[in-house]
Amino acid sequence: MAAVRVRQHVNPLAQKYRTPVNPLEWEKIYAQPNQPLHLDIGCAKGRFVLQMAQVEPNWNFLGLEIREPLVVEANQLRSDLGLTNLHYLYGNANNSLQSLLSGLTPGMLQRVTIQFPDPWFKTRHAKRRVVQPKLVAELAQYLAVGGVVFLQSDMKFVAVEMCDRFAENSAFARVGTDEWLTDNPLAVPTEREIFTQNKGEPIYRALFVKQG
């Protein structure tokens, strides 16, 4: 399959990304729609959830990505491999979670990952970062009690900001006593994670659990 060329940075506040996604017909997407759901926000090429779907066939996986060409390519690869517990969706997480998750059976969403999101370095662009209070509140509404949110970044200021956003919401409690997790608790690393580790650079990881 030819490589898809897309822009590295996409402004989520641009007009073309303001339309929320339509609710999904979950029973048409997954062979077993009642399995627990793992949502990967900002899945890029989707290779992380592609591997996770193979490692954990008793889970369903949804990759949400704002760059449509990557979604088209990822869904084609998913179809080629015959995976029935994986789907990729084109959409903007900052305005689509409500419509996307409202149709889920309560308690179905059990795991969320936000890994190496676009840092948007400039202060004036901070509102473009994916983890905003509204997104955290929506995850708090739909994530099952005991469900987890796993965050990681190779930019410490991004990781700190993401953690602060979740810590500010009383629905979430941070797991562990150390400032950062040493290891990834999931079975599969992302491509960016492997690249960063191979350079010998630090990765800042945190896990939050939804409280009852």
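## Strand β5, helix α5 and an annotated site in a predicted model

Val112 has Val149 of β5 as its bridge partner. This pair belongs to the contact between strand β4 (residues 109–115) and β5, two strands that run parallel and are joined by five bridges. The structure discussed here is a predicted model.

The other pairing of β5 described here is with strand β7 (residues 204–210): six bridges link β5 and β7 in the antiparallel sense. Within that pairing, Leu151 is matched with Ala206 of β7. Strand β5 itself covers residues 148–153, and because five of its six residues are buried, it is largely enclosed by the rest of the structure.

**Overall organisation**

The protein chain contains seven helices and seven strands. Along the sequence they follow the pattern α-β-α-β-α-β-α-β-α-β-α-β-α-β. Of the 212 residues in the chain, 51% are buried. Among contacts between residues at least 6 apart in sequence, 79% join residues at least 24 apart. The chain exposes about 10,700 Å², and carbon and sulfur atoms supply 51% of that area.

**Helix α5 and its cover**

Helix α5 comprises residues 133–142, and its buried residues are Leu135, Val136, Glu138, Leu139, Ala140 and Tyr142. Which elements cover these buried residues of α5? The cover includes the strands β1 (37–41), β4, β6 (172–174) and β7, together with the helices α4 (93–101) and α6 (156–167). Strand β4 thus appears twice in this account, as part of the cover of α5 and as the parallel neighbour of β5. Strand β7 likewise belongs to the cover of α5 and pairs with β5 in the antiparallel sense.

**Ser99 in helix α4**

Helix α4 holds Ser99. Is Ser99 buried or exposed? With a relative accessible area of 19%, Ser99 is buried, because the cut-off for burial is under 20%. Leaving aside residues up to four places away in sequence, Ser99 touches Pro20, Val21 and Pro23. The C-alpha atoms of Ser99 and Leu24 are 8.6 Å apart in space, although the two residues are separated by 75 positions in sequence. A polar atom of the Ser99 side chain also lies 3.2 Å from the backbone oxygen of Ser96.

**The annotated binding site**

In the UniProt record, an unreviewed entry, the annotation "binding site" covers Asp40, Glu65, Asn92 and Asp118. These positions span 79 residues in sequence, yet no two of their C-alpha atoms are more than 14.3 Å apart, so they gather at one spot. Of these residues, Asp118 is included in the lining of the largest cavity.

Two of the annotated residues can be placed in loops. Asn92 is found between β3 (86–90) and α4, while Asp118 is found between β4 and α5. Asn92 counts as buried at 6% relative accessibility, whereas Asp118 is partly exposed at 24%. The table sets out the accessibility of these two residues beside that of Ser99.

| Residue | Relative accessible area | Class |
|---|---|---|
| Asn92 | 6% | buried |
| Ser99 | 19% | buried |
| Asp118 | 24% | partly exposed |

The loop that holds Asn92 leads into α4, the helix in which Ser99 lies. The loop that holds Asp118 joins β4 to α5, and β4 is in turn bridged to β5.

Methods
Residues are numbered from 1 along each chain as its sequence is written. This is a predicted model: local features need pLDDT of at least 70, side-chain atom pairs count only at pLDDT 80 or more; totals for chains, interfaces and linings use all residues. Side-chain values use heavy atoms; hydrogens and water are left out. Helices (H or I, at least four residues) and strands (E, at least two) are DSSP runs, numbered from the N terminus. Buried means under 20% relative accessible area, exposed over 50%, partly exposed in between (1.4 Å probe, protein chains only). Contact means heavy atoms within 4.5 Å. Accessible areas come from the Shrake-Rupley method with a 1.4 Å probe; for residues, only the protein chains shown count as cover. Two strands pair if DSSP finds at least two bridges between them. A polar contact is a pair of N or O atoms within 3.5 Å; within protein, one must be able to donate a hydrogen and the other to accept it, and residues adjacent in sequence count only if both atoms are side-chain atoms. UniProt positions are given in the numbering used here, feature names are shortened, and annotations may be inferred rather than shown by experiment. On a 1 Å grid over the protein atoms alone, a cavity is a set of points where a 1.4 Å probe fits but cannot get out, and a pocket is an open set with protein on both sides within 12 Å along at least five of seven lines; lining residues have an atom within 4 Å of a point.
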